[in-house]
Amino acid sequence: MNRPLDFSRYPYVYLDATYLHGRDPARKQVISRAVIVAVGITATGQREVLGIEVGDSEDEAFWTAFLRHLRERGLSGVQLVISDAHSGLINAIRRMLQGSCWQRCRVHFARNLLQTVPKAHQEMVAAALRSVFAQQSKEAVLEQWDQVSAMLAAKFPRAAELMAKATEDVLAFRHFPPQHWKKIWSTNLLERVNEEIKRRTRVVGIFPNDAAITRLVGAVLLEQDEHWQLEGRRMFSAESMADIPALEDLPAQACLQEATA
């Protein structure tokens, strides 16, 4: 939670949260506790757990404090942040990782999109959306996205509107090396870590306090991180990591800027 992070750059950072039940000593009741986790990919393509924090909810202040602490520990070189579209998280990324690109998890987006479509048509819409991610070039990805959006516009205007608003968010991956696409267009890497956290904490049920959550979840994450390091297998090759374009070479619309009043 406090180790220095200044020995490497982390071009890719994954952020996500899971929820556990804990007792609130002050209110003497069981409440839901947000457990947020960050995983980074080093400049040489290796996976590392960067941090963990427990709090009341995923609001902007909580995420901002978490990201600020990562920055204070030396987090740098972030070019793409992969997460869901929680508003508090997005604002925190804008504030603390300004200039980085943001990839909205395609899995979370698909769920949001299907909610705008009648159940009888969801399978068709899901298949159409998947066709976007089957393309082999960034130009083809954008062209297929526009075609799917146009196809939906007549029958499902809400779905088409959602796609139009989310184009750059969901397709940010296309500005990065194609061999990375399948692993940076969603938070699946972190989802698997969260599944292990859930599995290992299920036996506890209700934690007595936040410190107990931090101890157990921290031990799970430490074990995961050690496994990644001992395994020695890189998520991406060092050669492909070197192909990531510099932020100044990325389209301005793909990079987050802090909102102004």
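Is Cys255 buried or exposed? Cys255 is buried, at a relative accessible area of 13% (buried means under 20% relative accessible area, exposed over 50%, partly exposed in between, with a 1.4 Å probe and protein chains only). Some notes on the rest follow.

1. Ground rules. This is a predicted model, where local features need pLDDT of at least 70, side-chain atom pairs count only at pLDDT 80 or more, and totals for chains, interfaces and linings use all residues. Residues are numbered from 1 along each chain as its sequence is written, and side-chain values use heavy atoms, with hydrogens and water left out.

2. Cysteines. You'll find zero disulfides here (a disulfide is a pair of cysteine sulfur atoms within 2.5 Å). For Cys255, the closest cysteine sulfur is in Cys101, 3.6 Å away, and that is too far for a bond. Cys105 also has Cys101 as the closest cysteine sulfur, but at 17 Å, again too far for a bond. Cys105 counts as buried, with 1% relative accessibility.

3. Strand 1 and its hairpin. Strand 1 covers residues 12–24 and strand 2 covers 29–41 (helices, H or I of at least four residues, and strands, E of at least two, are DSSP runs numbered from the N terminus). The two run antiparallel and are joined by 13 bridges (strands pair if DSSP finds at least two bridges between them). If you want a landmark, Asp16 stands opposite Val37 in strand 2. Four residues lie between the strands of this hairpin, and Lys28 takes a positive phi near 55 degrees there.

4. Other partners of strand 1. Strand 4, residues 80–83, pairs with strand 1 in the parallel sense over three bridges, and Tyr12 stands opposite Leu80. Strand 6 also pairs with strand 1 in the parallel sense, over two bridges, with Gly22 opposite Phe207. Strand 1 is mostly covered, as ten of its 13 residues are buried.

5. Helix 8. Take the 14 residues at 188–201: at 1.5 Å a residue they should span 20 Å, and the end C-alpha atoms are indeed 20 Å apart (the expected span is 1.5 Å times one less than the number of residues). Its buried residues are Leu189, Leu190, Val193, Asn194, Ile197 and Thr201. Down the helix axis, these buried residues fall within an arc of 130 degrees, so they line one face (the arc is that of the directions from the helix axis to the C-beta atoms). Arg192 and Glu195 are exposed on the other side. The cover over the buried residues includes strand 1, strand 2, strand 3 and helix 9.

6. The cores. The largest nonpolar core has 56 residues, and Tyr12, Tyr14 and Ile184 have the most contacts inside it (a nonpolar core is a set of buried Ala, Val, Leu, Ile, Met, Phe, Trp, Tyr and Cys residues joined through side-chain atoms within 4.5 Å). Helix 9 supplies the largest share of this core, six residues. A second, separate core has 25 residues, including Leu15, Ala17, Ile90 and Ala92.

7. Two residues to click on. Not counting residues up to four places away in sequence, Ile184 touches Tyr12, Tyr14, Leu80, Ile82, Gln103, Phe173, Phe176 and Phe236 (contact means heavy atoms within 4.5 Å). Leu152 sits in helix 5, residues 138–153, and counts as buried at 2% relative accessibility. Leaving aside neighbours within four places in sequence, Leu152 is in contact with Val125, Pro157, Ala159, Ala160 and Met163.
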